[in-house]
Amino acid sequence: MDIPRSRLRPLMADELRRFEDLHPRSGSLFARARDSMLAGVPMPWMAEWAGSYPVFVSSASGARVEDVDGRSYVDLCLGDTGAMAGHSPPATVAAVASAASRGITTMLPTEDSIWVGEEMARRFGLPSWQFCLTATDANRFAIRLAREITGRPKVLVFAWCYHGSVDETFVVVGPDGSARMREDNMGPPVDPALTTRVVEWNDASALERELSHGDVACVLAEPALTNIGIVLPSEGFHSQLRALTRAAGSLLVIDETHTICAGPGGYTKAYGLGPDLLTIGKAIAGGVPAACYGMSAEVAGRVQARLDDMAVTDVGGIGGTLSGNALSLAAMRATLSEVLTDDAFERMIALGARWAGGVRDVIDEAGLPWEVQQLGARAEYWFSPTPPANGSEAAAADDHELARFLHLHALNRGVLLTPFHNMALMCPATTEADVDAHTEVFREAATALTAGR
Ligand code: PMP
């Protein structure tokens with residue numbers, strides 16, 4: 001059932017008025033911010049929250065955010081996964097304070113790096129690791145390594161993927177099946193159709209066809225799409241992906257930045273994937289900038305052979321002065337050892353199921369033809385009766401206006417959802433009461449949307 005716009009628009013107008021009444025101080029800060037920042041925010045996407053302007057934060061702790069108007073929120077956005085460990089987890093804060101007083105960056109390794117390398121190997125099953133600052137960089141560096149050791153020029157991605165601001169990835173499948181640049185791609189160095197092959201998620205025959213050209217260095221994939229909503233792999237798709245990449249001599253790079261929500265070793269460990277390289281960032285240092293990429297012994301050997309040939313290795317497009325700095329590594333060690341633990345994941349995944357169950361109950365009560373998907377500690381609702389099978393179906397199922405209403409309705413009642421999706425993420429500090437608070441708010445919104453039907 002489409003929600004009639006004649007019903008939705010007056011409800012949205014009410015919520016916008018309510019938002020402005022509840023957030024006067026954020027309103028005046030935003031007016032001031034426009035004089036010194038493009039779009040009035042540090043980065044333009046911060047202005048994409050559903051209110052008339054962004055809420056300015058005064059503090060955040062655990063699963064809660066406080067704003068400058070004194071309002072408190074259950075935070076199910078969690079910095080779009082950057083704060084999946086909870087806001088300012090005490091163990092990370094203590095490690096950061098201690099590391100910061102002992103030298104933030106020196107261009108020399110610390111023992112923490114060995115601990116984290118060993119821990120990543122234990123969690124994800126790949127033996128050899130490198131550290132950088134963002135998941136974008138981890139993906140960029142993994143792609144460069146793949147191109148270098150295979151001698152092949154292209155990357156293959158899935159339509160509507162997101163792997164950070166990686167030039168090669170802003171493509172969708174065009175009408176003739178070839179790669180077409182996404183319309184929102186700003187200032188590309190070259191048309192990514194030149195660098196990239198693209199297929200729909202879950203389409204093994206298209207994957208086989210595109211890999212058969214023999215020019216794909218690597219396939220870069222989230223193990224389930226999460227950036228156009230959650231789109232799970234169909235039965236058997238991962239084994240086809242692995243077999244086809246092996247047969248074609250293309251490396252498989254799995255990006256676990258969001259899918260770490262599936263468990264302590266991400267989707268890779270939970271479902272026994274065997275990638276050649278694995279990238280991850282965002283949450284692993286409790287929100288302190290840190291990321292890493294791991295590789296199989298075979299890939300590491302091939303890369304090392306190339307490094308042995310090079311006189312200088314910091315000019316090869318892989319690097320960054322602050323990569324692997326002492327502060328990031330200390331934050332990673334504390335977050336992995338004390339916050340994002342096996343026990344924490346068990347609780348977070350149970351909360352993900354509780355959230356999905358609550359939303360499903362409301363959808364059923366209201367008779368809405370909507371669907372819920374859960375991936376471990378992350379869950380999401382869709383405005384379609386069946387879950388989309390690929391990125392293009394997911395993009396088509398979006399209803400931006402309706403999503404904005406539901407997000408603003410929740411925000412006005414003290415619940416934050418990730419602005420770009422109908423998605424909720426649990427952190428170790430999230431409680432059952434937090435989850436149930438969302439269910440109640442969602443029930444109220446569903447009732448308003450379906451009243452008088
Ligand atoms: N990979 C995935 C799967 C992501 O979702 C994102 C960001 N949403 C990135 C990589 C990039 O992360 P960052 O912006 O921190 O570099």
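## Exercises on a sheet and a ligand site

In this predicted model, valine 74 has valine 415 of β15 as its bridge partner. Local features need pLDDT of at least 70 and side-chain atom pairs count only at pLDDT 80 or more, whereas totals for chains, interfaces and linings use all residues. Residues are numbered from 1 along each chain as its sequence is written, and side-chain values use heavy atoms, with hydrogens and water left out.

**Exercise 1.** Determine in which sense β3 and β15 pair, and which strands form the edges of the sheet.

*Solution.* Start from the terms: strands are DSSP runs of E with at least two residues, helices are runs of H or I with at least four, and both are numbered from the N terminus; two strands pair if DSSP finds at least two bridges between them. Strand β3 (residues 72-75) meets β15 over two bridges, in the parallel sense. Next, place this pair in the open sheet of four strands, whose order is β1-β2-β3-β15 and whose pairing is mixed. The edges are β1 (57-61) and β15 (415-416), each of which pairs on one side only.

**Exercise 2.** Describe the polar contacts (pairs of N or O atoms within 3.5 Å) that the side chains of threonine 136, aspartate 255 and histidine 258 make with the ligand.

*Solution.* Take threonine 136, where a polar side-chain atom lies 2.5 Å from a ligand oxygen atom. For aspartate 255, a polar side-chain atom is 2.6 Å from a nitrogen atom of the ligand. Finally, an N or O atom in the side chain of histidine 258 is 3.2 Å from an oxygen atom of the ligand.

Terms used. Polar contact = N/O pair within 3.5 Å; in protein donor to acceptor, adjacent residues only side chain to side chain.
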